[in-house]
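Colleague: I am new to this structure. Could you take me through it and tell me how each label is earned?

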There are 2 protein chains.
Amino acid sequence: MNKLSVIKIGGNVIDNSEKLHQFLLDFTALPGDKILIHGGGKIATELGTSLGIEAKMVDGRRITDIETLRVVTMVYAGLINKNMVAQLQNKGCNAIGLTGADGNIIKAAKRPVKEIDYGFVGDLNETSVSSEMINNLLKAGLVPVLCAITHDGDGQLLNTNADTIASAVAVAMSDRYDTSLIYCFEKRGVMRDIEDDNSLVAEIKMAEFEGLKNEGVVSGGMIPKLHNAFEAIKSGVTAVYIGKADELPLIDQQNFGTRLIK
Amino acid sequence: MNKLSVIKIGGNVIDNSEKLHQFLLDFTALPGDKILIHGGGKIATELGTSLGIEAKMVDGRRITDIETLRVVTMVYAGLINKNMVAQLQNKGCNAIGLTGADGNIIKAAKRPVKEIDYGFVGDLNETSVSSEMINNLLKAGLVPVLCAITHDGDGQLLNTNADTIASAVAVAMSDRYDTSLIYCFEKRGVMRDIEDDNSLVAEIKMAEFEGLKNEGVVSGGMIPKLHNAFEAIKSGVTAVYIGKADELPLIDQQNFGTRLIK
């Protein structure tokens, strides 16, 4: 099977034009087939504020009302996605910017209203991602750049967590490709000692996860992150990497961040 | 050669959600390969106003400064394009929404500064459109939906007239397809008598154009429109139609608007 890298970047890269420029160079240099998935960043919040649309929170959870959906559609699918594609083209990467509506590549379901009505938020399941259409694009020499917008098939766009999209895409593609899922975030990976920059845990096997939780090496927000990563591995993804965007070139030497494997 | 329809709609359809809904149904029902190209509409102007960005005009010409480019990128490539794609998906049309940067399908050149600096406006030439990449998408069963944003290949997005994009795409595709170019606008087509709704000129051959200009049947803004249409025909497009969006279904019976042919 051919290798495929599914890479997710977050707001910390998108919000910093120098970091973004360097990341897009590193991304372009990565060998093999690849897919980029990006979240939002501060720009959406800033645009919302300029338009007098306040971020709506209920119990600490962000709500996507119809006005917020308009803003994120403009910012994620328009401003961020298309500028990123134009920059990738300049760097020699034949990028194509997409939402889940395009080519029906990700069909989500609007989150059911229980205690909280999250608004226009889309959840994914095992059949959400069309690996066939993504494969067609890859075969045409294209590099899909996906933003955090999906659709429900009934004409409604939906806001969908970019980490979730990255995972669902990687799982769906793992039938056809030897797929790695790479999360770029603020830290170098899982650290044995948060104070010590040289204490990176290079590799965690699925069987070691429980032990590291008990030791306290993996704690807080890292627990659900790693849990979701191992779920993706159980569903066919070869390896999940968690590391810092500016260390992406190290992935060639298997030296990038923390590598999670079976 | 297979038939291909390149259809351009303007703001009058986009701004009216009922008209747009009906148009997208009619577009979906059109047989054969097809490409949709859309302009802006009032939404961009309204968003600009909400953000305190005034439309900049010099000698009656609209200027695309960097702030205006941000707005049109958000509205054309994000809000309008992606909502249209989601609605087309719902109607059974496998649409994919694109700018010229995506897949490098339309590479423009920033308009040179002479008397007027138009700002971030892109002009097209004979090599701007990648018919190969558009063909790849059509062969994958996709229906490209192009907005009026292109790029210069150096990482810069550019605002580009949608009529010009439609014409350039139709000309480029005419090497591979029996291509019709269909402009939807406010009127039924060229009218012998503007007061008489039954005076539609069904067909104009290239050789008849001068005569109709001299007679005054074609006048004002219709002259450059028809001139550009015949230029497209000279460059390989089989027929150009100019008519009203809500009469699109009549094109099957060759009964839509005014048909321009060699």
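Modeller: Happily; we will take one helix, then the two copies, then a site from a record.

Modeller: This is a predicted model, where local features need pLDDT of at least 70, side-chain atom pairs count only at pLDDT 80 or more, and totals for chains, interfaces and linings use all residues. Residues are numbered from 1 along each chain as its sequence is written, chains are lettered from A and ligands numbered from 1 in the order in which they are written, and side-chain values use heavy atoms, leaving out hydrogens and water.

Colleague: Which residues of helix α3 of chain B are buried?

Modeller: They are Ala44(B), Leu47(B) and Gly48(B), in a helix that covers residues 42-50. Helices are DSSP runs of H or I with at least four residues, strands are runs of E with at least two, and both are numbered from the N terminus.

Colleague: What makes you say that these buried residues line one face of α3(B)?

Modeller: Looking down the axis of α3(B), its buried residues fall within an arc of 100°, so they line one face. The arc is taken from the directions from the helix axis to the C-beta atoms. Turned away from that buried side are the exposed residues Lys42(B) and Thr49(B).

Colleague: What do the buried residues of α3(B) pack against?

Modeller: They pack against α4 (66-90) of chain A together with α4 (66-90) of chain B; contact means heavy atoms within 4.5 Å.

Colleague: How do you know how the two chains are related?

Modeller: A turn of 180° and a shift of 0.0 Å along the axis lay chain B on chain A with an RMSD of 0.0 Å. That is the relation of a two-fold axis. The superposition is by least squares on the C-alpha atoms of residues with pLDDT of at least 70 in both copies.

Colleague: Which residues does UniProt list for "binding site"?

Modeller: An unreviewed UniProt entry lists Gly40(A), Gly41(A), Arg62(A) and Asn159(A); such annotations may be inferred rather than shown by experiment.

Colleague: Why is Gly40(A) called buried?

Modeller: Its relative accessibility is 12%, so Gly40(A) counts as buried. Buried means under 20% relative accessible area, exposed over 50%, and partly exposed in between (1.4 Å probe, protein chains only).

Colleague: And what does Gly41(A) count as?

Modeller: Gly41(A) has 27% relative accessibility, so it counts as partly exposed. Gly41(A) lies in the loop between β2 and α3 of chain A.
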